[in-house]
Structure formats: structure tokens, C-alpha cells
Amino acid sequence: MKDIMMIRTYGDKVLRRQGAAVEEFDAGLVELLGRMLDTMMAAEGVGLAAPQVGISKQVAVVNPEPGNPKTLLYIVNPRMTSCSEETESVEEGCLSVPEVRGKVERPVEIELEYQDESGKEHRLTARGLLARIIQHEIDHLNGVLFVDRLSFGKRTMIKGKLKQLAASQKNRGR
Ligand code: CO
């Protein structure tokens, strides 16, 4: 059975908190990753970070090809060790900021160290879409949202929409 978690949206304070490093690679972590995967797939996303489901931990699920088990990554305690000088500006969206899209400039290639669900260390060079998704999710783990990285003009344009999102957040009493 699918175990769908509630996705927190703009205005929820948990999205602004720094996630804590994972120290115990136990059954609870595996369960969390499985629930996050189900939640990401149900929402048709390509990435989901633990703060987006209300959990302040350095945990993310990434899949640039939704549904393809070969491209699925469970990322725990990621560290970006380097990135290319070459950048590109590509439109992004976020499950936590519904109905907002905008171009974000990011390095095209990154090098990443992370652990998997069993605590095993991995090193990965990622380019293009995968590199972009990973950077977007690492931002979430540090309390940063893609809207923070939009141009000043674009941020001005979406100000009203963000206010609306934050207000509906308050009405839900969180
Ligand atoms: Co996001």
C-alpha cells in the first residue's frame, strides 16, 4: 500500500530549517525513504527532500526519470565537493511552491559525496537535469527554496502569489 505523506508548502517554517545529519542508518530511515518515494511518485515529482514532508533531516529522493528504478537515488548527508564554472538558466518548479515556475541559474556539472540508505559512501559526477535536481534538493536541506534564487524582477512578479501561499498556510494553523 502506498504511504503518502503531506507535502509542506511555502510559508511552513520547516522548509526554512537546516536538516540534521543522519547518524543512524536503521529501519526507520529505510521506511522514511520508501514513504518519500511513494509521496514523490504520487505527486509526479523528480525530487523530494525530507523537510518537504516535515522532517528536518539530510535526506532526499531523486529520480530524473520517474518510475525508472535504475535512475532512482536515495541521497543521505550529501556534500557538493565541486561544481563547474559553466552555468545555465533553466525553468524550475517545486512541489512545495505550487503554481510558481521560474528560471534558476545553476552550475551545469557537480561532484557529490553522499551516503545511501545503508550508510555506504558514494561519489557521483552529475550533469544537466540530474545535477540540477540534486542542487535543488540540497537547497531544501539547507532551508533554501528555488524562489530565493530567481531574478529580482521575477521575485517581484510572484510576490503576491507567495503571500497567498503563506496566508493559506496560516489558515491551516501550522
Ligand atoms: Co523543491
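Me: Is cysteine 94 buried or exposed in this model, and at what relative accessible area?
Reply: The model is a predicted one, and the answer rests on a computed accessibility. Residues count as buried under 20% relative accessible area, and cysteine 94 therefore falls in the buried class, its relative accessible area being 11%.

Me: How does cysteine 83 count, by its relative accessibility?
Reply: The class between buried and exposed runs from 20% to 50% relative accessible area. Cysteine 83 has a relative accessibility of 43%, so this residue counts as partly exposed.

Me: How many disulfides are found in the whole structure?
Reply: A disulfide would need a pair of cysteine sulfur atoms within 2.5 Å. When the whole structure is searched on that basis, the number of disulfides found is zero.

Me: Which residues are the protein donors of the cobalt ion?
Reply: The donor residues follow the sequence spacing C-x41-H-x3-H, and cysteine 94 and histidine 136, which lie 42 residues apart, link distant parts of the chain. The donor atoms, one SG and two NE2, lie 2.1 to 2.2 Å from the cobalt ion, and they belong to Cys94, His136 and His140.

Me: Where in the chain do cysteine 94 and histidine 136 lie?
Reply: Both cysteine 94 and histidine 136 are buried, and both are protein donors of the cobalt ion. Cysteine 94 lies in the loop between β4 (87-92) and β5 (102-107), whereas histidine 136 lies in helix α2.

Me: How many residues of α2 are buried?
Reply: Helix α2 covers residues 128-141 and reaches 20 Å from its first C-alpha to its last, close to the 20 Å expected. Its buried residues include the donors His136 and His140, together with others such as Ile133, Ile134 and Ile138. The helix is mostly covered, and of its 14 residues the number buried is eleven.

Me: Which residue with a positive phi follows α2?
Reply: The last residue of α2 is 141, and Leu141 is among the buried residues of the helix. The residue asked for has a phi near 80°, and it is glycine 143.

Me: Which element gives the largest share of the lining of the largest pocket?
Reply: The largest pocket has a volume of about 360 Å³, and of its 18 lining residues the closest to the centre are Val46, Glu92, Gly93, Cys94 and His136. The lining divides into six nonpolar, six polar and six charged residues. Two elements, β4 and α2, give two or more residues to this lining, and the largest share, six residues, comes from α2.

Definitions and conventions. Residues are numbered from 1 along each chain as its sequence is written. This is a predicted model: local features need pLDDT of at least 70, side-chain atom pairs count only at pLDDT 80 or more; totals for chains, interfaces and linings use all residues. Side-chain values use heavy atoms; hydrogens and water are left out. Helices (H or I, at least four residues) and strands (E, at least two) are DSSP runs, numbered from the N terminus. The expected span of a helix is 1.5 Å times one less than its number of residues. Buried means under 20% relative accessible area, exposed over 50%, partly exposed in between (1.4 Å probe, protein chains only). Donors are N, O and S atoms within 2.8 Å of the metal (3.2 Å for Na, K and Ca); water is not among the atoms, so sites may look incomplete. On a 1 Å grid over the protein atoms alone, a cavity is a set of points where a 1.4 Å probe fits but cannot get out, and a pocket is an open set with protein on both sides within 12 Å along at least five of seven lines; lining residues have an atom within 4 Å of a point. Grid points are joined across faces, edges and corners, and a volume is the space filled by probe spheres set on the points. Ala, Val, Leu, Ile, Met, Phe, Trp, Tyr, Cys and Pro count as nonpolar, Asp, Glu, Lys and Arg as charged, and the others, Gly among them, as polar.
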